Amino acid sequence: MRILLIMVLSLLGCSGSINEPVSYFNVETPRSFGYVNGDEIPQRIVIETRSGISLQPGSLPAKGQINRWLNLNQVTVKQTGQRYQIDLRYQVFYAPLEVKSLTLPGFTVQLSQGEKTVGKNIPAWTFTLSPLRELVVRQTEQGEYMRPDSTPPLLAKTQALYGLAASLSVAVLIAAYLAYLYGCFPCMPRRTLFKRTLRKLAGLSKTDMEQALTIVHRALNNLNGQPLFANRLGEFYRRNPQYLQINAQLLWFFTYSNRYFFSDGMIVVAQDLQQLKDLCEQCRKIERGSR
């Protein structure tokens, strides 16, 4: 008897069988109702195996058509140690005339330990599929059944109109401001004062220096509201502080004008007329607000 017992224990130890290879098993499925033609159904299978036992991925169902109404679109396996997470995504192509029960087929996954394998059955899963159309078809007298689409709600256009009005208002104001800067309004002579002065100087040469100086004096007098002299530039700057930045050029102008009108033997060169035009250019920039 002792010899027989030893032989039995030896055979059991060398058999290499797998005792309870799976320590945890669960099939996670969504709701079993409310599906229609074309819906996808996810299924998750979680398997935890004993140490040394591994899942054979080749035993999983292949992606593609399973039968005439069921496709398997996705098969993914995520392994963390001895834990396997299998995610399947089925898609149903069946248009029943009434609520119908269908079944995702079960299958068997293979687990291996060395040369030994054991199967783990994944049970089938039943769900219900609903029709897409009415069970009773109502027809017109001509034998046709067609219902018009529901009228889509109109979008509110008030906000768009407000936005358009605001944009147009801003555009008009910008255009008016630019026109004002460029002296396009003849009723505002102060903004076009030196524009007209430059136009008058454009056709003059150094032989017309007396006329050129008179034109510039008249422009400065109009800007000041009264005759402007060098000794009154301080008062002029208080009323028109933006012209203080060209003080040096204005002092040159009054000095040159005094020498021209009250000195004998004044020799005029082309550069003098150019400096006079440059002074008017600077005044033009100031009245436009670009300096």
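**Exercise 1. Helix 4**

Describe helix 4 in this predicted model: how many residues does it have, which of them are buried, and what follows it?

*Solution.* Begin with the extent of the element: helix 4 runs over residues 209-224, which gives it 16 residues. From its first C-alpha to its last it reaches 22 Å, close to the 22 Å expected at 1.5 Å a residue. Next, look at the burial of its residues: Met 209, Ala 212, Leu 213, Ile 215, Val 216, His 217, Ala 219, Leu 220, Leu 223 and Asn 224 are buried. In reading such a list it helps to recall that an α-helix has 3.6 residues a turn, so residues three or four places apart point the same way. Finally, pass beyond the end of the helix, where Gly 225 follows with a positive phi, near 85°.

**Exercise 2. Helix 7 and Gln 282**

Work out how far helix 7 reaches, which residues in it are buried, and whereabouts Gln 282 belongs.

*Solution.* Helix 7 covers residues 270-288, a run of 19 residues, and its span from first C-alpha to last is 27 Å, close to the 27 Å expected at 1.5 Å a residue. Its buried residues are Asp 272, Leu 273, Leu 276, Lys 277, Leu 279, Cys 280, Gln 282, Cys 283, Arg 284, Ile 286 and Glu 287. The residue that comes after this helix is Gly 289, with a positive phi near 85°.

Turn now to Gln 282, which lies in helix 7. Its relative accessible area is 16%, and because buried means under 20%, Gln 282 is counted as buried. As for its place relative to the rest of the chain, Gln 282 and Tyr 243 are 39 residues apart in sequence, while their C-alpha atoms are 9.1 Å apart in space.

**Exercise 3. Thr 197**

Is Thr 197 buried or exposed, and which residues outside its own stretch of sequence is it in contact with?

*Solution.* First place the residue: Thr 197 lies in helix 3, which comprises residues 189-201. Then consider its relative accessible area of 4%, which is under 20%, so Thr 197 is buried. Last, set aside its neighbours within four places in sequence; Thr 197 is then in contact with Ile 215, Ala 219 and Cys 280. Two of these partners can be found again in the earlier exercises, since Ile 215 is among the buried residues of helix 4, and Cys 280 is among those of helix 7.

**Exercise 4. The largest pocket**

What is the volume of the largest pocket, which residues line it, and which element gives the most to the lining?

*Solution.* The volume of the largest pocket is about 170 Å³. Its lining is made up of His 217, Asn 221, Pro 227, Leu 228, Phe 229, Ala 230, Phe 254, Ser 257, Asn 258, Phe 261 and Phe 262. When these residues are assigned to elements, helix 4 and helix 6 (247-262) are the ones that give two or more. Helix 6 gives the most, with five residues. Sorted by class, the lining has seven nonpolar and four polar residues, and no charged ones.

**Exercise 5. Three residues in strands**

For Lys 100, Gln 110 and Thr 80, decide which are partly exposed and which are exposed.

*Solution.* Take Lys 100, found in strand 7 (residues 100-104). Its relative accessibility is 33%, and because this value falls between 20% and 50%, Lys 100 counts as partly exposed. Not counting residues up to four places away in sequence, Lys 100 touches Tyr 94, Phe 127, Thr 128 and Leu 129. Its C-alpha atom is separated by 8.4 Å from that of Pro 131, which is 31 residues apart from it along the chain.

Gln 110 is found in strand 8 (residues 107-113), and at 30% relative accessibility Gln 110 counts as partly exposed. With residues up to four places away left out, Gln 110 touches Ser 54, Leu 55, Gln 56, Ser 59, Thr 117, Val 118 and Gly 119.

Thr 80 lies in strand 5 (residues 70-80). Its relative accessibility of 52% is over 50%, so Thr 80 counts as exposed. Between Thr 80 and Glu 48 there are 9.4 Å, C-alpha to C-alpha, and the two are 32 residues apart in sequence.

Methods. Residues numbered from 1 in each chain as written. Predicted model: local features only at pLDDT ≥ 70, side-chain atom pairs only at ≥ 80, totals over all residues. Heavy atoms only, no water. Helix = DSSP H or I, 4+ residues; strand = E, 2+ residues; numbered from the N terminus. Expected span 1.5 Å × (residues − 1). Buried < 20%, exposed > 50% of the residue type's maximum accessible area, 1.4 Å probe, protein only. 1 Å grid on protein atoms, 1.4 Å probe; cavity = no way out; pocket = protein on both sides within 12 Å on 5 of 7 lines; lining within 4 Å. Points joined across faces, edges and corners; volume = space filled by probe spheres on them. Nonpolar A, V, L, I, M, F, W, Y, C, P; charged D, E, K, R; others polar. Contact = heavy atoms within 4.5 Å.
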